[in-house]
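Hi,

Here is the model I promised to pass on. Could you have a look through it, and then read my notes below?

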Amino acid sequence: MTPQMIFVNLPVKDLDTSKAFYEKLGYSINPNFSDETAACVVISDTIFAMLLTEEKFKSFTAEGKEISDATKATEVLIALSAESKAKADELADAALAAGGGKAKEPMDMGFMYGRSFADPDGHHWEVFWMDPKAAQG
């Protein structure tokens with residue numbers, strides 16, 4: 001059985017800038033699903049971010065709907081798990097060093113820890129670690 005995958009589609013103002021940002025985070029671009037209007041960022045075997053130029057993104061949306069400006073409004077929070085607090089810090093720090101913005105202060109609840117950042121287009125990403133014992137209930 002093939003595992004279920006997720007493709008998060010994100011509108012971007014400058015495809016090359018966005019590709020460079022995600023590559024600096026250690027992710028690769030799958031050339032089989034990329035062209036001058038789109039880039040497929042491989043986050044894991046089952047998680048992908050499709051970076052689409054605003055024109056391309058608009059071609060997939062319902063007619064008449066505007067694209068949200070993620071620098072001014074939040075439509076979605078994209079959350080990724082991390083295997084440790086250190087890995088959450090590593091990814092968030094890499095995002096900030098690569099030109100991303102700070103989204104909010106770190107969150108530490110003991111059993112759960114999280115960091116956040118905004119990509120160059122303002123899309124809000126959360127990176128969190130949860131103690132496996134807490135996740136089991």
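**What turned up**

Let me start with glutamate 54, which is partly exposed at a relative accessible area of 32%. Keep in mind throughout that this is a predicted model. The partner of glutamate 54 is lysine 13: the two form a salt bridge, with 2.9 Å between the closest N and O atoms. This pair joins distant parts of the chain, 41 residues apart, since lysine 13 sits in the loop between β1 (6–12) and α1 (15–24), while glutamate 54 belongs to helix α2 (residues 54–58). Lysine 13 itself counts as exposed, because its relative accessibility is 60% and the cut-off for exposed is over 50%.

**Other salt bridges**

How many salt bridges does a search of the whole structure find? The count is nine. Here are some others from the search:

- Aspartate 108 and lysine 85 meet through their side chains in a salt bridge, at 3.8 Å from N to O. Aspartate 108 is in strand β7 (residues 107–108) and lysine 85 in helix α3 (residues 85–97), so this pair ties together parts 23 residues apart in sequence. Lysine 85 is partly exposed, at 32% relative accessible area.
- Lysine 72 bridges to aspartate 69, with the closest N and O atoms 4.0 Å apart. Lysine 72 counts as exposed at 73% relative accessibility, whereas aspartate 69 is partly exposed at 29%.
- Asp89, Asp93 and Arg115 are connected in a network of salt bridges.

**The sheet**

Next, the four-stranded sheet. It is open, its pairing is mixed, and the strand order is β1-β4-β3-β2. The edges are taken by β1 and β2 (28–35); each has a single partner strand, so one side of each has no neighbour in the sheet. From one strand to the next, the twist averages 25°.

β2 and β3 are worth a look on their own. They make a hairpin with two residues between them, and the pairing of β2 with strand β3 (residues 38–42) is antiparallel, over four bridges. If you want to check the register, serine 28 is opposite valine 42 in β3, and isoleucine 29 is opposite valine 41 in β3.

Which helix lies across β1, β2, β3 and β4 (47–53)? That is α1, and it runs at about 160° to β4.

**The nonpolar cores**

In general, nonpolar side chains tend to be buried together in soluble globular proteins. Here the largest nonpolar core has 26 residues, and the ones touching the most other members are Tyr22, Leu25, Tyr27, Val41, Leu51, Phe117 and Trp125. At least two residues of this core come from each of β1, α1, β3, β4, β5 (77–81), α3, β8 (112–118) and β9 (124–130).

A second core, separate from this one, has six residues, among them Ala38, Cys40, Phe48 and Phe57.

Back in the largest core, tyrosine 27 makes a good residue to centre your view on. Leaving out residues up to four places away in sequence, tyrosine 27 touches Tyr22, Val41, Val42, Ile43, Leu80 and Leu91. Two of those names have come up already in the hairpin register: Val41 stands opposite isoleucine 29, and Val42 stands opposite serine 28.

That's the lot from me for now. Shout if anything is unclear.

Cheers

Technical notes. Residues numbered from 1 in each chain as written. Predicted model: local features only at pLDDT ≥ 70, side-chain atom pairs only at ≥ 80, totals over all residues. Heavy atoms only, no water. Buried < 20%, exposed > 50% of the residue type's maximum accessible area, 1.4 Å probe, protein only. Pairing = 2+ DSSP bridges. Axes fitted to C-alpha atoms, helices over the stretch in contact; angles between N-to-C directions. Contact = heavy atoms within 4.5 Å. Core = buried A, V, L, I, M, F, W, Y, C linked by side-chain atoms within 4.5 Å.
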